[in-house]
Amino acid sequence: MATQVPVTQLPEASKPAHQQTPAKSAAVKSKKKLARRIEKDYSAIYRRSFQAVFLLLNVWIGTQFYFWVRQYEGGAGSVPVSRPAGVEGWLPIAGLMNLKYWVFSGEIPRVHPAARFLLLTFLSMAFLFRKAFCSWLCPIGTISEYLWRAGKQLFGRNFFPPRWLDLPLRGLKYLLLGFFVWAISTMSAMGIRDFMQSPYGLIADVKMLNFFRHIGETGLIVLGVFVLASVFVPNFWCRFLCPYGALLGLTSWLSPMKIRRNPEPCIDCAKCAKACPSNLPVDKLVKIQSVECTGCLECVVVCPAENALSMSLPQLLMPKKRRMALPAWAMAAGIAVLFLSVAGFAKATGHWNSPIPDAVYQRLVPNADQAAHPMP
Ligand code: SF4
Ligand code: SF4
């Protein structure tokens, strides 16, 4: 899927520099003089702050949603709270269905309307800033990163499967995405509306919560395997299995914004490739086209050379063919503005909160286990 641009075809030089023989790497290094970066790089501070804020936001939304469900179930722990619409960020399939319904019927969907706005936000983000949702906002991406960083601290390194295994494993997320896209493509707009208004569609979020509340032995084992694998393989879930990440990756492939390396000031130290959690050979490419690039800027943070590496637009889009690098603060501001403006617009126009009457939830939530999937 990735179209990458090698700067050299020599077999040894085509490997990431950290995989080359020491003599070769040293020889390459010695050819260039380092013009050291002077300005401090704040990318990591911005990104990790965004990750922490969004993790806390999701904990808050999850907690409020739990108490919202408990109030319909009655019993201990029942506190009157309103339904947090942000929980629909966890319903990307509903978001995709709503998007199709909106395009084909011209009507704003009534059930899980926020899911569509959030999906649109994250797709736009992928087009503008690569898969920044995965490395800046997604709580699963954040927890995955905490796990592989812990693994690196404990064992001194992380691991990637060999290429012959890595490629088919990475393909799994596209198979999952393909299945969901195929299922939605077979549904008419009216079919989607009926599905969303079925008991299952109305409380899909409650069913998801209940899955984790009443997780069985098999579910716990699978979850445990994912957690353990994430300690060793950076972003195990995101890299191999997340269909949402696959969709955002495909969208990001169209983005004009990419990590670009300028071979002239670059001293071929390979620090960028070593730092890349997606295992991309940044030091050997002039442009990172790969759908696996999450826009995390970890490669930019470690690069010691002035103007060697940046997230930037192609030269041909810029006046006088100058490369326009996107500073980390501008990327952070862009992500925040995009998220807040779309959510704010949906709220201001009354399309954020679902207008489903309380009486419907009162009937459905306590009997969520009986709401079966309406499709055969
Ligand atoms: S380290 Fe650089 S190339 Fe690797 S995923 Fe992050 S932004 Fe992309
Ligand atoms: S882009 Fe920067 S980090 Fe990567 S090899 Fe060149 S100088 Fe080193």
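# A tour from glycine 295 outward

Select glycine 295 to begin; it has 28 C-beta neighbours inside 10 Å and therefore counts as buried. The model on screen is predicted. Glycine 295 sits in the loop that runs between helix 14 (271–275) and helix 15 (298–302). Now add serine 135 to the selection. In sequence, glycine 295 and serine 135 are 160 residues apart, yet their C-alpha atoms are 7.0 Å apart in space.

**Asparagine 279**

Stay in the loop between helix 14 and helix 15, and select asparagine 279, which is also found there. Its phi is near 60 degrees, a positive value in a residue other than glycine. Most residues other than glycine have a negative phi. Is asparagine 279 buried or exposed? It counts as buried, because 21 C-beta neighbours lie inside 10 Å.

**Aspartate 268**

Go next to aspartate 268, in the loop between strand 1 and helix 14. Here too phi is positive, near 60 degrees, in a residue that is not glycine. Aspartate 268 has 20 C-beta neighbours inside 10 Å, and the cut-off for a buried residue is 20 or more, so aspartate 268 counts as buried.

**Ligand 1**

Select ligand 1 and show what lies around it. Which residues are the closest? Of the 14 residues that surround ligand 1, they are Cys276, Ser278, Cys293, Cys296 and Cys299. Sorted by class, this shell holds 10 nonpolar, 3 polar and 1 charged residues.

**Ligand 2**

Move to ligand 2, which has 16 residues around it. Cys266, Cys269, Cys272, Asp283 and Cys303 come nearest. How many residues of each class make up the shell around ligand 2? There are 12 nonpolar and 4 charged residues, and no polar ones.

**The sheet**

Colour strand 1 (residues 258–261), strand 2 (residues 309–313) and strand 3 (residues 324–325). Together these 3 strands form an open sheet in the order 1-2-3, with antiparallel pairing. Strand 1 and strand 3 are the edge strands, each pairing on one side only.

Look at strand 1 with its side chains shown. Lys258 and Arg260 point one way, Ile259 and Arg261 point the other way, and all are buried. Strand 1 pairs with strand 2 in the antiparallel sense, over 4 bridges. To follow the pairing, select lysine 258 and find its bridge partner in strand 2, serine 312. Then select arginine 260, which stands opposite serine 310 of strand 2.

In strand 2, 4 of the 5 residues are buried, so the strand is mostly covered. Its link to strand 3 consists of 2 bridges, and these two strands run antiparallel. Select serine 312 again: in strand 3, alanine 325 stands opposite this residue. Serine 312 therefore has lysine 258 as a bridge partner and alanine 325 opposite it in strand 3, within a sheet where strands pair through DSSP bridges.

**Two helices**

For the last stop, hide the sheet and select helix 4 (residues 113–129) and helix 16 (residues 328–348). Two packed helices are described by the angle between their axes and the distance between the axes. How do the axes of helix 4 and helix 16 cross, and at what angle? They come within 10 Å and cross at roughly 155 degrees. That angle makes helix 4 roughly antiparallel to helix 16. Turn the view so that one helix lies in front of the other; the crossing of helix 4 and helix 16 is right-handed.

Terms used
Residues numbered from 1 in each chain as written. Chains lettered and ligands numbered in written order. Predicted model: local features only at pLDDT ≥ 70, side-chain atom pairs only at ≥ 80, totals over all residues. Near = placed C-beta within 6 Å. Nonpolar A, V, L, I, M, F, W, Y, C, P; charged D, E, K, R; others polar. Buried ≥ 20, exposed ≤ 12 C-beta atoms within 10 Å, placed from the backbone. Axes fitted to C-alpha atoms, helices over the stretch in contact; angles between N-to-C directions. Parallel < 35°, antiparallel > 145°, perpendicular 65-115°, else oblique. Left-handed = near helix turned anticlockwise from the far one by under 90°.
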